[in-house]
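Q: I have the sequence and the model open side by side. How should I read the features in it, one at a time?

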Amino acid sequence: MVILLLLTFIGTKLPSPVNTEFDELFPCISADGKSIYFISDRSGEFCLWVTRLRDSVWLSPVNLSEILDIPEIEGPVSVSPDEYRIFFSCRTDRGDLDIYYVEKIGVEWSAPHPLPVNTDADEWCPSLSVDGRTLYFASNREGSTGGYDIWVTHFIDTAWTEPENLRSINTIRDDISPFIHYDNKTLYFARNAGSLNDFDIFVTTKENGKFTEPLSVTPLNTISDDEYISVDAKCKKFLASYTGDIYLLSLSKPFRPERSLVIAGIAQDRLEGAPLGGVRVVARLPEEDRDFFVTRTNELGEYKIVLPPGDVYTLQ
């Protein structure tokens with residue numbers, strides 16, 4: 001069903017069992033567009049849920065918070081392209097927000113690990129880049145321009161760097177909820193539009209190492225709060241939450257990112273054709289003589305890698 005919401009927004013509300021009478025917030029679409037991770041209070045507190053697409057139907061969501069044994073989540077989550085790592089934010093005993101991540105190893109998930117960039121201030125709304133080497137997040141830590149700013153940290157060698165303030169896009173107002181697209185240059189985020197609790201979606205693009213002047217994504221912004229958008233790698237699914245429900249959106253240029261390539265395959269034994277689990281799969285940048293992304297096959301021998309446009313890659 002196509003509806004008109006608050007004069008400007010046009011989208012399709014996802015059916016039950018994804019949407020319910022409870023709140024469904026911050027939908028994060030997987031790179032291949034076949035999973036939606038979102039926050040809902042349908043179980044009595046705000047937990048992380050995931051629904052999978054099968055035969056064009058979204059299945060009954062599964063409560064990942066129970067599986068991962070994590071406390072109540074605040075704000076959006078971020079999922080790596082291979083869906084082996086999930087970043088999220090929870091309140092600490094001190095009352096501030098910290099970023100954590102869990103990692104899937106084989107068929108098991110690790111315990112939550114706090115990120116070393118956390119401080120006594122709030123760190124939340126994480127968004128991981130397609131290569132897993134850059135993390136954007138919101139924080140009101142010392143050095144912020146407004147209440148909350150967008151910050152960025154890079155994973156170099158074996159550690160996350162000291163976070164940097166993205167001053168070129170931050171304002172004296174709150175800037176939160178970054179989502180870095182799989183093209184590795186299009187960044188969506190939410191900005192307080194001026195009145196209390198009135199956020200709009202903005203977009204900026206990295207060009208020559210710097211982000212452009214942010215544009216208001218006017219086709220999606222309403223008179224209500226617009227706090228988060230996520231987009232799959234092929235730019236076929238745009239998702240946002242409005243008035244506590246998840247919607248599938250349409251978005252045109254200049255607000256669309258560039259399409260990325262999703263490579264999915266199965267590693268098999270050459271002689272018997274049996275699936276090979278735990279096999280290392282690497283996408284390399286030969287011109288830079290470095291690995292771009294490293295993953296491994298699951299227990300069924302399946303793997304998934306996303307490659308942004310503009311570079312030459314080898315797969316091994």
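**Reading the pocket, the charges and the core**

A: Start with open space: the largest pocket holds about 1,100 Å³. This is a predicted model, and every value below is computed from it.

Q: Which residues are closest to the centre of the largest pocket?
A: Rolling a probe the size of a water molecule over the atoms shows where empty space is left. Here 38 residues line the largest pocket, and the closest to its centre are Asp-32, Ser-35, Arg-52, Glu-83 and Lys-304.

Q: Which elements give two or more residues to that lining?
A: They are strand S4 (35-40), S5, helix H1 (64-68), strand S26 (261-266), S28 and S29. S5 gives the most, with 5 residues.

Q: How do I read the charged residues, and how many salt bridges are there?
A: Side chains of opposite charge can pair when their charged atoms come close. The count in this model is 16 salt bridges. One of them joins Glu-83 and Arg-52, with the closest N and O atoms 3.0 Å apart. Glu-83 sits in the loop between strand S8 (78-79) and strand S9 (85-91), while Arg-52 belongs to strand S5 (residues 47-54), so this pair ties together parts that are 31 residues apart in sequence.

Q: Is Glu-83 buried or exposed?
A: Glu-83 is buried, because its relative accessible area is 11% and the cut-off for buried is under 20%. Its partner Arg-52 is partly exposed, at 37%.

Q: What other salt bridges can I look at?
A: Take Arg-94 and Asp-96, whose closest N and O atoms are 2.9 Å apart. Arg-94 is exposed, with a relative accessible area of 51%, whereas Asp-96 is buried, at 4%. Another salt bridge is formed by Asp-291 and Arg-280, with 3.8 Å between the closest N and O atoms. This pair links distant parts of the chain, 11 residues apart: Asp-291 is in strand S28 (residues 290-296) and Arg-280 in strand S27 (residues 280-285). Arg-280 counts as exposed, at 55% relative accessibility.

Q: Which residues are joined into one network by salt bridges that share partners?
A: The network consists of Asp-32, Arg-52, Glu-83 and Lys-304. Those four names also appear among the residues closest to the centre of the largest pocket.

Q: How do I check the cysteines, and how many disulfides are there?
A: A disulfide is a covalent bond between the sulfur atoms of two cysteines. A search of the whole structure gives 0 disulfides. For Cys-47, the nearest cysteine sulfur is that of Cys-90, 9.8 Å away. A disulfide needs the two sulfur atoms within 2.5 Å, so Cys-47 is in none. Cys-47 is buried, with a relative accessible area of 5%. Cys-235 is in no disulfide either, and its nearest cysteine sulfur, on Cys-28, is 14 Å away. Cys-235 also counts as buried, at 4% relative accessibility.

Q: How many cavities of 30 Å³ or more are there?
A: There are 2 cavities of 30 Å³ or more. The largest cavity holds about 60 Å³ of space. Its lining includes Cys-28, Val-77, Pro-126, Phe-179 and Tyr-228. S8, strand S13 (123-128) and strand S18 (175-180) each supply at least two residues of that lining. S13 gives the most, with 3 residues.

Q: How do I read the nonpolar core, and which residues have the most contacts inside the largest one?
A: Look for buried nonpolar side chains that touch one another. The largest nonpolar core has 57 residues, and those with the most contacts inside it are Tyr-37, Val-77, Ile-86, Phe-88, Tyr-188 and Ile-229. Strand S29 (residues 302-307) gives the most to this core, with 4 residues.

Q: What does Phe-88 touch?
A: Leaving out residues up to four places away in sequence, the contacts of Phe-88 include Ile-70, Ile-73, Val-77, Ile-99, Tyr-101 and Pro-112. Asp-98 is also among them.

Q: Where does Tyr-313 lie?
A: Tyr-313 lies in the loop between S29 and strand S30 (314-315). Tyr-313 is buried, with a relative accessible area of 19%. Not counting residues up to four places away in sequence, Tyr-313 touches Arg-284, Leu-285, Pro-286, Phe-292, Leu-307 and Pro-308. Tyr-313 and Val-282 are 31 residues apart in sequence, and their C-alpha atoms are 9.8 Å apart in space.

Methods:
Residues are numbered from 1 along each chain as its sequence is written. This is a predicted model: local features need pLDDT of at least 70, side-chain atom pairs count only at pLDDT 80 or more; totals for chains, interfaces and linings use all residues. Side-chain values use heavy atoms; hydrogens and water are left out. A nonpolar core is a set of buried Ala, Val, Leu, Ile, Met, Phe, Trp, Tyr and Cys residues joined through side-chain atoms within 4.5 Å. Buried means under 20% relative accessible area, exposed over 50%, partly exposed in between (1.4 Å probe, protein chains only). Contact means heavy atoms within 4.5 Å. A salt bridge is a side-chain nitrogen of Lys or Arg within 4 Å of a carboxyl oxygen of Asp or Glu. On a 1 Å grid over the protein atoms alone, a cavity is a set of points where a 1.4 Å probe fits but cannot get out, and a pocket is an open set with protein on both sides within 12 Å along at least five of seven lines; lining residues have an atom within 4 Å of a point. Grid points are joined across faces, edges and corners, and a volume is the space filled by probe spheres set on the points.
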